[in-house]
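Ready for some practice in reading a protein fold? Take a look at the structure below, then try each exercise before you read its solution.

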Amino acid sequence: AYLGSAFRTPVSFVAERHEALTAIRRDLHAHPELGFEEHRTAALVAERLHQWGIEVHAGVGRTGVVGVIRGRQDGSGKSVGLRADMDALPIPEENEFAHRSVKGGLMHACGHDGHTAMLLGAAQYLAASRDFDGTVYAIFQPGEEGYAGAKEMINDGLFTRFPADEVYALHNWPGLPPGHIGLNPGPMMAAADRVRITLSGRGGHGAHPHMTVDPVLMAGQVISAAQSIVSRNVAPLEAAVLSLCAVQAGHLDAFSVVPREAHISGTVRAFNNSFKATIGARLRDLVEYTSRAFGG
């Protein structure tokens, strides 16, 4: 509950600090770290929270940080968690701006640098105003990108030590106009599974294809056929996605060599666990029997 003091509004407060918060975000963007390796990021977060007079708890869930902000009153006994993720992705950055990643093969491609900077801005405002009744926990989560960092923090006693009644988070969405927030009733973001496929054949010379078992041919068939899985197994009014997004096989300069293996990676997204299970089972069958049909 806000107490309604004459303190500046959050918008004006953050606007006055826009340049400084932008600098934090760009610094984080230039120095990306993978899950549970966010030592520099966590240290920056902890230092800023401490600078703003916020009680800091570092090392929660290995590299997570929690800031405790107490309101001017605590009659309500209520507590709220605000959560942001901190880790980057193992993706080379191709941007040319000054704050591009200085680490080869690593990039904040999902915007967690922005999430961290946004929560720091919110924490700074809340600590400066204390204009609420209760406690706010600023939760900076490590390892969101496939490392189960939230589970690691929970297993480390997150909600025992910081018993938030409710937790709020957001994800940047560049397609929305500035100043707008998108909300849906029910689930907002689908659950995600990672797909990795290895197709094994027999390598050889492209001029003697009869002596090979071609995994590139198998990959092409699998990619095409996989597009039927959702359309023929998920009801039209339901939502699920199967996207095969990357293929690697052979070497481009070895234009006459049939490789021994082809690798495919992608993702499954769904709001319903039964859909994920169905898609997974169908994809396994499709890969197994397609590769068998071609001798792989």
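Here are three exercises on a sheet and some helices in this predicted model.

**Exercise 1.** In which order do the strands β6, β8 and β10 lie in their sheet, and which strands stand at the edges?

*Solution.* Start with the order: the three strands form an open sheet that reads β6-β10-β8, with antiparallel pairing. Next, look for the strands that have a single partner: β6 (191-200) and β8 (240-249) do, so each of them has one side left without a neighbour in the sheet. From one strand to the next, the twist averages 20°. Now zoom in on one pair. β8 and β10 (residues 261-270) are joined antiparallel over nine bridges. For L244, the bridge partner in β10 is G266.

**Exercise 2.** Find the direction of helix α7 relative to β8, and that of helix α8 relative to β6.

*Solution.* Begin with α7 (residues 215-233), which packs on the sheet and touches β6, β8 and β10. The direction of α7 makes about 170° with that of β8. Then turn to α8 (residues 273-293), which lies across β6, β8 and β10. Helix α8 runs at about 5° to β6.

**Exercise 3.** Compare the length of helix α2 with the expected span, then list the buried residues of α2 and what they pack against.

*Solution.* Helix α2 (residues 18-30) has 13 residues. At 1.5 Å a residue, 18 Å is expected, and the distance from the first C-alpha to the last is close to that, at 18 Å. The buried residues in α2 are L21, I24, L28, H29 and A30. Finally, these buried residues pack against α1 (10-16), α3 (39-51) and α4 (112-129).

Definitions and conventions: Residues numbered from 1 in each chain as written. Predicted model: local features only at pLDDT ≥ 70, side-chain atom pairs only at ≥ 80, totals over all residues. Heavy atoms only, no water. Pairing = 2+ DSSP bridges. Helix = DSSP H or I, 4+ residues; strand = E, 2+ residues; numbered from the N terminus. Axes fitted to C-alpha atoms, helices over the stretch in contact; angles between N-to-C directions. Contact = heavy atoms within 4.5 Å. Expected span 1.5 Å × (residues − 1). Buried < 20%, exposed > 50% of the residue type's maximum accessible area, 1.4 Å probe, protein only.
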